[in-house]
Amino acid sequence: MSTCQVLRCENPINHVHVWGPNPWGRIEFGICNEHKERIQNGEEWAIHNERGHHYANYLVMGDDLAGTGDNFVTRITSNQVMGHLTPKGENALKITLETQRRGSEQHDYVEFCLSPKMAAGMADMLASFASHNSPKDGAGEEQPSD
Ligand SMILES: [Zn+2]
């Protein structure tokens, strides 16, 4: 590929943008002068994974970023109200997530209730994710698959 790997950019490649949490997971993108400068100046970008492909195909920036539909959680609050019960009569935990749409200033709120069983399952899932992605706790423990 000889043109910049940012979506919709036709400029020639002048630099290699490297992303990767670890040496065996590095991904390299050929990018143009303009996009190198924008990334260096702190502009937000995302990697677009084409469905069905193991490796990422291109970077998404600018107006295309909001179109990815990624909503990142910026705040989590919880509230265990006495008498707020699941359909089975257990105490429920009410969670409110404040999210921000990637590439925009748009904030949304998502509310949901968890039973004790679902709260425990979510805690396990999140703990697993955090331990595999934390530079302090997880780095260096994983081994390359090959
Ligand atoms: Zn470019």
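**Close-up 1. The zinc ion and its donor residues.** In this predicted model, the zinc ion is coordinated by Cys4 (SG), Cys9 (SG), Cys32 (SG) and His35 (ND1), at 2.0 to 2.3 Å. Donors are N, O and S atoms within 2.8 Å of the metal (3.2 Å for Na, K and Ca). The site is tetrahedral, with angles of 102 to 114° among its 4 donor atoms; four donors count as tetrahedral if all angles lie between 85 and 135 degrees. Local features need pLDDT of at least 70, side-chain atom pairs count only at pLDDT 80 or more, and totals for chains, interfaces and linings use all residues.

**Close-up 2. Cysteine 9 and histidine 35.** The zinc donor residues follow the spacing C-x4-C-x22-C-x2-H in sequence. Cysteine 9 lies in the segment before strand 1 (15–19) and histidine 35 in helix 1 (residues 33–40), so the pair, 26 residues apart, links distant parts of the chain (helices, H or I, of at least four residues and strands, E, of at least two are DSSP runs). Both cysteine 9 and histidine 35 are buried, meaning under 20% relative accessible area with a 1.4 Å probe, protein chains only. Residues are numbered from 1 along each chain as its sequence is written, and side-chain values use heavy atoms, without hydrogens and water.

**Close-up 3. Lining of the second largest pocket.** This pocket has a volume of about 270 Å³, the space filled by probe spheres set on its grid points, which are joined across faces, edges and corners. On a 1 Å grid over the protein atoms alone, a pocket is an open set of points where a 1.4 Å probe fits, with protein on both sides within 12 Å along at least five of seven lines; lining residues have an atom within 4 Å of a point. Among the lining residues are Val73, Ile95, Phe112 and Met122. Helix 3 gives the largest share, 4 residues. The lining has 10 nonpolar, no polar and no charged residues.

Definitions and conventions:
Ala, Val, Leu, Ile, Met, Phe, Trp, Tyr, Cys and Pro count as nonpolar, Asp, Glu, Lys and Arg as charged, and the others, Gly among them, as polar. Four donors count as tetrahedral if all angles lie between 85 and 135 degrees; four count as square planar and six as octahedral if opposite donors are over 155 degrees apart and all others between 65 and 115; anything else is irregular. Buried means under 20% relative accessible area, exposed over 50%, partly exposed in between (1.4 Å probe, protein chains only).
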